[in-house]
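Please open the model in your viewer and keep the whole chain in sight to begin with. The tour moves from the overall fold to one pocket and its lining.

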Amino acid sequence: MNSLERQKKIFIISSLVIPMALLIGFVVVPAFDLIRMSFTNWDGYSKTYDYIGIGNYFDMLKNKDLWQSLRNNAVYFFGHLLFIPVELMFAVLLTSKLRASKFYKTMVFMPYIINGVAISYAFSYFFSPINGAFDEILTLFHLEPLIRNWLSDQKIVNFVLAGVSLWRFSGYHVILFMAALQSLPQDVQEAARVDGASAWQMFKYIQIPAIMLMVDFVLFDNIRGALQVFDIPYVMTSGGPGYASSTFTLYTIDTAFKYSNFGLASTMAVAIMIMIVVIYVVQNKIIHGVVLKGGKKG
C-alpha cells in the first residue's frame, strides 16, 4: 500500500470517528437502555427498580386507551395518504410555467417553517367556540347549522386535528415532489411533448415512474409522522375529551411523566420503534421489489 492510499484510509477513518461516536452515544446506547428499561417497573425517580420480565408488554397489549390512541394515529395517516395525489398535482403545477409561481411556492412552504406550537395555539383560537374565526366565517355565509364544538366533539376532533397537520406538512411534501420533478431530464419530457403526449400522459408514464423513490420517502415520512404526532393534539386538546384525541406518543409521554410509569412508557417506545421498522421493511419490499420492477419480483 503506497503512502497516498494509506493517507486516504486514515482520512476516511478519522472522518467517521466523530459521527460514529455520536451515533453510538446518542442513538444505539439509549435504544438498548430503552429496551432494558422496558422490562422494569421503574417509576422515573427511585434509585431502585425491579425486573418484571415481559409484564409491561402484556399490560400494553391489554390497554384499551392505548389502542384508542393508536386508532387516532390512523386518522392522521390516512388523511395524509389520501392527500398525496393532491400534493403531487400541486408540485406539477408549480414546476410548470405558472405566473407568480415563486409566490405560490413560498405560501405553500410557509406553514412548515412555522413553529408547531405556535400553529397549534393559532388553530386553537381559530376553532374556539367563543368568538372563533371559523364559526364566524360559517355565520357570515349563513352556514350556522354546520357549527360544531370542533375540539370537544369526539366524532370530529381527530379529523380537525388531522386537517391542521395537513395544512402544516403538505407544503413540505410539495417541495420534495417539486425537487424530484425538477431533476428529471428535460430532453425526455420535450421528446414526449413532440410525440404528442398530453399532460396526463406525461404525468402518468414519465413523471410518476421517475419520482417513485421520492414517493417512497414521502410515504415513509407519512407513516413515521403519523405514529409520532404529538405537538398538535397536546397543545390543542391535551388528548381530550378523555382519550378521544390522544395519540400513541402523547399517551406514552403521559404514562411516563403524568403517571410515573417509565417502565411501561419504555415498552411503548420500543413498540413504536418496532412498528416503524416493520412498516419500512414491508414498504421497501413493495416499492423496490414490485413497483420499481414493473410488478415482477426477483
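Colour the chain by relative accessible area, and 35% of its 298 residues count as buried, in a model that, it should be said at once, is predicted. Switching to a surface display, you are looking at about 18200 Å² of exposed area, of which carbon and sulfur atoms supply 69%.

Next, return to a cartoon and colour by secondary structure: the chain has 13 helices and zero strands. Because its radius of gyration is 24 Å, well over the 19 Å that the globule rule gives for 298 residues, the chain is more spread out than a compact globule. If you then show the C-alpha atoms alone and turn the view along the principal axes, they fill a box of roughly 80 × 75 × 35 Å. Contacts drawn between residues at least 6 apart in sequence join, in 65% of cases, residues at least 24 apart.

Now select Val92, Thr95, Ser96, Arg193 and Gln207, which, among the 19 residues that line the largest pocket, lie nearest its centre. Which elements should be selected around them? Those that give two or more residues to the lining of the largest pocket are α3 (64-95), α7 (157-182), α8 (186-194) and α9 (199-210), and α9 gives the most, with five residues. The space in this pocket comes to about 510 Å³.

Finally, colour the lining residues of the largest pocket by chemical class, which divides them into nine nonpolar, seven polar and three charged.

Conventions:
Residues numbered from 1 in each chain as written. Predicted model: local features only at pLDDT ≥ 70, side-chain atom pairs only at ≥ 80, totals over all residues. Heavy atoms only, no water. 1 Å grid on protein atoms, 1.4 Å probe; cavity = no way out; pocket = protein on both sides within 12 Å on 5 of 7 lines; lining within 4 Å. Points joined across faces, edges and corners; volume = space filled by probe spheres on them. Helix = DSSP H or I, 4+ residues; strand = E, 2+ residues; numbered from the N terminus. Nonpolar A, V, L, I, M, F, W, Y, C, P; charged D, E, K, R; others polar. Rg over C-alpha atoms; globule rule 2.2 N^0.38 Å. Buried < 20%, exposed > 50% of the residue type's maximum accessible area, 1.4 Å probe, protein only. Contact = heavy atoms within 4.5 Å. Areas by Shrake-Rupley, 256 points an atom, 1.4 Å probe, with all protein chains shown as cover.
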